[in-house]
Amino acid sequence: MRTEAMRTATLTPMLIAKEGDVPVDLRNRDLRHHDPDHHDPDHHDPDHHDLRHHGDREVGPGLVDLTVNVRRPAPPVWLRDVLIEALDGVAAYPDTGAATTAVAHRHGRTREEVLVTAGGAEAFTLVARALCPGTDVGRAVVVHPQFTEPEVALAVAGHRVDRLLLGPQDGYALDPARVPQDADLVVVGNPTNPTSVLHPLATLRRLVRPGRVLVVDEAFMDTVPGEPESLAALRLPGVIVLRSLTKTWGLAGVRAGYLLAEPALVRRLAEVQPPWSVSSLALAATVACCSPSAVAEADRAAVRSVGDREHLVRRLQGVAPVAAPPAAPFVLLHVPQGAAVREGLRERGFAVRRGDTFPGLGPNWLRVAVRDRGVTDSFVDALTGVLRRGMT
Ligand SMILES: Cc1ncc(COP(=O)(O)O)c(C=O)c1O
């Protein structure tokens with residue numbers, strides 16, 4: 001039984017064609033799921049979500065970037081040195097051995113439970129390709145709003161995707177009972193982009209069941225001090241935890257990440273991974289970023305970011321409501337006339353992430369990255385000015 005908030009998205013691979021830089025069908029004309037009973041101006045017609053839109057398309061020359069969630073403009077010097085040193089080895093084909101061991105140590109897992117990937121994003125494609133639509137997966141459910149690439153990867157691989165939409169009325173909380181019993185592939189982000197909500201570990205555990213694969217995207221988990229809600233160290237059957245090293249370490253261009261799962265699943269995912277998919281530079285960075293000192297450095301940065309986020313949330317009081325208690329280095333705001341506000345902010349030098357490309361959100365939602373207090377203060381001043389101008 002499909003509930004009101006469940007939406008179906010289907011897409012056959014043969015429909016994919018290129019038009020400019022956006023695959024035609026991924027602009028959602030063919031992700032059709034109308035629900036005549038459900039009308040809310042803040043929830044866009046899902047047919048208009050451009051699932052392939054990401055924050056990097058919104059940055060521009062001279063703009064302060066509050067749209068991309070990479071924490072730093074460059075890797076720290078010690079990591080840069082690691083990358084430079086790795087250049088000496090790039091004539092050889094990459095060897096994943098040391099990186100696999102480093103990830104296993106970092107999370108207390110065995111090497112057989114680790115697959116290093118070209119950024120966290122590669123994991124979505126591996127899952128979508130390794131599990132066959134119809135046979136392995138009868139019903140894939142993606143919990144939205146969330147990062148859109150998992151849905152894209154599934155749809156491109158021919159999976160039928162149902163959307164479970166969480167809402168602001170209950171702070172985007174996930175009630176496991178709302179996930180259909182027969183969903184045999186479930187994808188959830190934790191903490192979630194763009195809502196910044198951190199689901200409790202106990203909630204996620206309730207989604208684990210025999211015959212189901214649960215993909216937990218923990219791309220931003222290393223920004224949560226102590227990572228209390230992480231599933232990474234737990235051995236749960238059917239659970240795939242995906243991690244990214246690109247945000248915290250300023251490595252988006254290097255493509256470093258990994259996944260953790262039971263050995264049989266790891267083997268299946270590895271079978272569909274292109275050979276030498278993870279570059280020598282990414283592997284060297286993975287080893288370095290999994291060292292105890294790097295993990296401790298990331299945790300200190302996470303603590304600083306919490307302070308910066310609290311400052312942002314305090315400054316936003318009385319200016320624009322934050323959607324839910326945030327746990328990641330970005331917050332989701334609700335503003336009137338969002339498109340005009342976004343434009344006004346650009347005129348004042350700030351790029352923020354549009355919300356309307358996320359299923360479940362509309363144009364009046366904006367995602368704003370947490371930066372240092374100086375940047376936050378000027379941003380909130382600019383936002384206040386734009387909102388005042390809109391009201392006069
Ligand atoms: C929630 C989430 N998951 C995964 C990714 C992919 O990260 P990467 O492939 O750079 O590791 C992103 C990138 O923006 C993201 O926001």
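This is a chat about a predicted model, starting at its ligand and moving on to a sheet, a helix and some unusual backbone spots.

Visitor: Hi! Which residues are around the ligand?
Guide: Hello! They are Gly 119, Gly 120, Ala 121, Phe 147, Gly 189, Asn 193, Asp 217, Ala 219, Ser 244, Thr 246, Ala 252 and Gly 257.

Visitor: Which helix gives the most to that shell?
Guide: That is helix H3, residues 119-130, which gives three residues.

Visitor: And how many are nonpolar, polar or charged?
Guide: The shell around the ligand has four nonpolar, seven polar and one charged residues.

Visitor: New topic. What is the order of the strands in the open sheet of four?
Guide: The order is E4-E13-E14-E12, and the pairing is mixed. Strand E4 (64-66) and strand E12 (330-334) are at the edges, each with a single partner strand, so one side of each has no neighbour in the sheet.

Visitor: How much are neighbouring strands turned against each other?
Guide: On average by 35°, ignoring direction.

Visitor: Which strands pair in the parallel sense?
Guide: E4 and strand E13 (residues 350-354) do, over three bridges. In E13, Phe 350 is the bridge partner of Val 64.

Visitor: Does "parallel or antiparallel" change what holds strands together?
Guide: In general, strands of a sheet pair through backbone hydrogen bonds in either arrangement. Here, E13 and E14 are antiparallel over two bridges, with Arg 353 partnered by Arg 367 in E14. E12 and E14 are also antiparallel, over five bridges, and His 334 stands opposite Trp 365 in E14.

Visitor: Which helix packs on this sheet?
Guide: Helix H10, residues 338-347, touching E13 and strand E14 (365-369). The direction of H10 makes about 155° with that of E13.

Visitor: Back to E14. How many of its residues are buried?
Guide: Five of its five, so to speak a mostly covered strand. Side chains in a regular strand alternate between the two faces of the sheet. In E14, Trp 365, Arg 367 and Ala 369 are on one side, Leu 366 and Val 368 are on the other, and all are buried.

Visitor: What about helix H4, is that one enclosed or open?
Guide: H4 (residues 149-156) has seven of its eight residues buried, so it is largely enclosed by the rest of the structure. The buried ones are Pro 150, Glu 151, Val 152, Ala 153, Leu 154, Ala 155 and Val 156. Gly 158 follows H4 and has a positive phi, near 95°.

Visitor: Where are the cis peptide bonds you'd point me to?
Guide: One runs from His 144 to Pro 145, with omega near -5°. Pro 145 is in the loop between strand E6 (140-144) and H4. Another joins Asn 193 and Pro 194, where omega is about 15°, and Asn 193 is also one of the residues around the ligand. Most peptide bonds are trans.

Visitor: Which non-glycine residues have a positive phi?
Guide: Arg 255 has one near 65°, and Trp 276 has one near 55°. Most residues other than glycine have a negative phi.

Visitor: Is Arg 255 buried or exposed?
Guide: Buried: 21 other C-beta atoms lie within 10 Å of Arg 255, and 20 or more count as buried. Arg 255 sits in the loop between helix H6 (246-249) and strand E11 (257-260).

Visitor: And Trp 276, buried or exposed?
Guide: Trp 276 is exposed, with 12 other C-beta atoms within 10 Å, since 12 or fewer count as exposed. Look for Trp 276 in the loop between helix H7 (263-271) and helix H8 (280-289).

Note on methods. Residues are numbered from 1 along each chain as its sequence is written. This is a predicted model: local features need pLDDT of at least 70, side-chain atom pairs count only at pLDDT 80 or more; totals for chains, interfaces and linings use all residues. A residue is near a molecule or strand if its C-beta atom, placed from the backbone, lies within 6 Å of it. Ala, Val, Leu, Ile, Met, Phe, Trp, Tyr, Cys and Pro count as nonpolar, Asp, Glu, Lys and Arg as charged, and the others, Gly among them, as polar. Two strands pair if DSSP finds at least two bridges between them. Axes are lines fitted to C-alpha atoms, for helices over the stretch in contact, and angles run from 0 to 180 degrees between N-to-C directions. Two residues are in contact if their C-beta atoms, placed from the backbone, lie within 7 Å.
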